[in-house]
Structure formats: C-alpha cells, structure tokens
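Hello,

Here is the structure I promised to pass on. Have a look at it first, and then read on for what turned up.

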Amino acid sequence: MKIYIFADMEGISGISNSSFVLTDGSQYALGRQYLTRDINICAQACFDAGATEVIVRDGHGAGVSVLWEKLIPGVKLIQGGSPGERFSFCAGSDGMILLGYHAMAGTQRALLEHSYSSKSIQNIWMNGERVGEFAIDTAIAGKYGIPVIMTSGCDKLCAEAKAFLPQVVTCQVKKSITCQSAALLAPADAEKLLREKTIEAIEKLKNGEMKPYKNPETVTIRTEYMERMEPAFGLVADRTTERTGTDIEKVFLNF
C-alpha cells in the first residue's frame, strides 16, 4: 500500500502565525522542525497501519522546508519545483494525505488563510464554487484516481474539508483565533491525535470507504487577483482570469 503525503506548513501543529512559515520569519527554523515532526508522526502511523511505501512531497513555498536529515527511515522525500505537476510521483498511490493545510482565502478569523498565494490571489472558483487549496488538490488527486483520506489543520480548515469531501478524516490540531493567532494542542496531544487520525483514515481506506473525487467532464477555474493585471490569456475582467478544459491539473497550472 502506497500513501502519498503532501505537506503544507500553515496547518502544522505548533504553528500559530506567519513568523513560522516565512523564510525570513523569526520562528521559521522552528516551523521547519514542527513540519518535519508532523510528517514523521504521520508517516510512522502510515507504516504501522500497513503502508509499504510513503512518499512525502514538500509542498510549502518553494518546496524546501522539510528537514531531510530528520526524516524517519523508509520515507521518500520530494523537494523543489515540479512544473506542470502538482503531485510528482503520485501515480500508483492508494491514498493521499493533505497534511498541514489551511482555510481558503477570505475565511473569517481563520489562521493564515489564503489560496496558494497570500500576496497575489484574492479568490478562486472551481465550476462556480469558491474553493481553496483543499478542494483543488483533492480534485487533482481525483484525476489520478487517488482518494484524499485525511487532512490536518485548524478548525476552519477541517470544516471546509468536510463540506467539500464528507468522507475525509479530519485532524484538528489547533483552533483559529485570528489570522495570526491560534489555540494550540500540547505537543504530546497533537502527536496522539495525528497518529490516531492517520490510522483511522488508512483503516477506512482498506475497508473500501474512501473513493477518489470524481471530476466533471470539463472544469472551469476562475481566479481573482489582488492587483489589476495586464491583458493575458483567459482575462475576463481587470483582475480575473478564467480557463476551461478537461484536465483539472492542466487548467489550474496553466499548462
């Protein structure tokens, strides 16, 4: 059984503001440690639940935040960019875990809420529904026939994930207070919960309860940016582009 973990940083346990996730932030070194710790806890739980292969994609920013030398044995790590691909080497995976995710841009009082870029993107719609990273990444995983089985993050992310994909197991490791503050679980409690929820998700996968997201025949991605754009392909308004196609990954990544 092959499990693919795509790890973002904002929803990782212990992270409570932007100083942990920005490369020039005062707490970024700690943020990297927390990210790697959550990955190790999740990956070990995958192995303990029967996984024979665990691939981790470093999905935060430029994809170089995970501390390679701190990973547990058996994990395969993918770092750096992958133009035209959201999930490098995901083919053949039995399940996907979206670890350390956050709520979509505009979610009220949600910790570090944004949709892919906090600097440039205001809103994203998929076939008319306003969505964030969880929904789009779930749809891309569905293109490959891979079910998203678990996600971790704050209470706002967990509610968003359940609304889009009711089958998903959610792991709430903190509660949002504002965009820059959160109520955190103690490390041991977060570790216990993450382990339990990972094993629960894999057991449901083995029992046939997890199905890949089924994409429609065509998908339209509309993106509203924060600043007025110069004329470009797909421009439908001063700050909004729109693309339609049959491949969610290519439509979203503009390939």
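In what order do the seven strands of the open sheet lie? The order is 3-2-1-4-7-8-9, and the pairing is mixed. Two strands count as paired if DSSP finds at least two bridges between them; strands (E, at least two residues) and helices (H or I, at least four) are DSSP runs, numbered from the N terminus.

Before going further, please note that this is a predicted model, where local features need pLDDT of at least 70 and side-chain atom pairs count only at pLDDT 80 or more, while totals for chains, interfaces and linings use all residues. Residues are numbered from 1 along each chain as its sequence is written, and side-chain values use heavy atoms, with hydrogens and water left out.

Back to the sheet. Strand 3 (75-78) and strand 9 (181-184) are at its edges with a single partner strand each, so one side of each has no neighbour in the sheet. From one strand to the next, the twist averages 25° (axes are lines fitted to C-alpha atoms, for helices over the stretch in contact, and angles run from 0 to 180 degrees between N-to-C directions).

Strand 8 (residues 169-178) is a good place to zoom in. Strand 8 runs antiparallel to strand 9, with four bridges between them, and a hairpin of two residues connects the pair. T178 has S181 as its bridge partner, and K175 has A183. On the other side, five bridges link strand 8 to strand 7, and these two run parallel; here C154 is opposite K174. Strand 7, helix 3 (residues 155-164) and strand 8 form a right-handed β-α-β unit, meaning that with the strands pointing away from the viewer, the path from the first strand over the helix to the second runs clockwise.

What about the interior? Nonpolar side chains tend to be buried together in soluble globular proteins. The largest nonpolar core (buried Ala, Val, Leu, Ile, Met, Phe, Trp, Tyr and Cys residues joined through side-chain atoms within 4.5 Å; buried means under 20% relative accessible area, with a 1.4 Å probe and protein chains only) has 39 residues. I3, C46 and I97 are among those with the most contacts inside it. Helix 1 gives the largest share, eight residues. Leaving out residues up to four places away in sequence, C46 touches I3, I5, A51, V54, I97, T198 and I202 (contact is heavy atoms within 4.5 Å). A second, separate core has 33 residues, including F6 and M126.

Best wishes

Terms used: Buried < 20%, exposed > 50% of the residue type's maximum accessible area, 1.4 Å probe, protein only.
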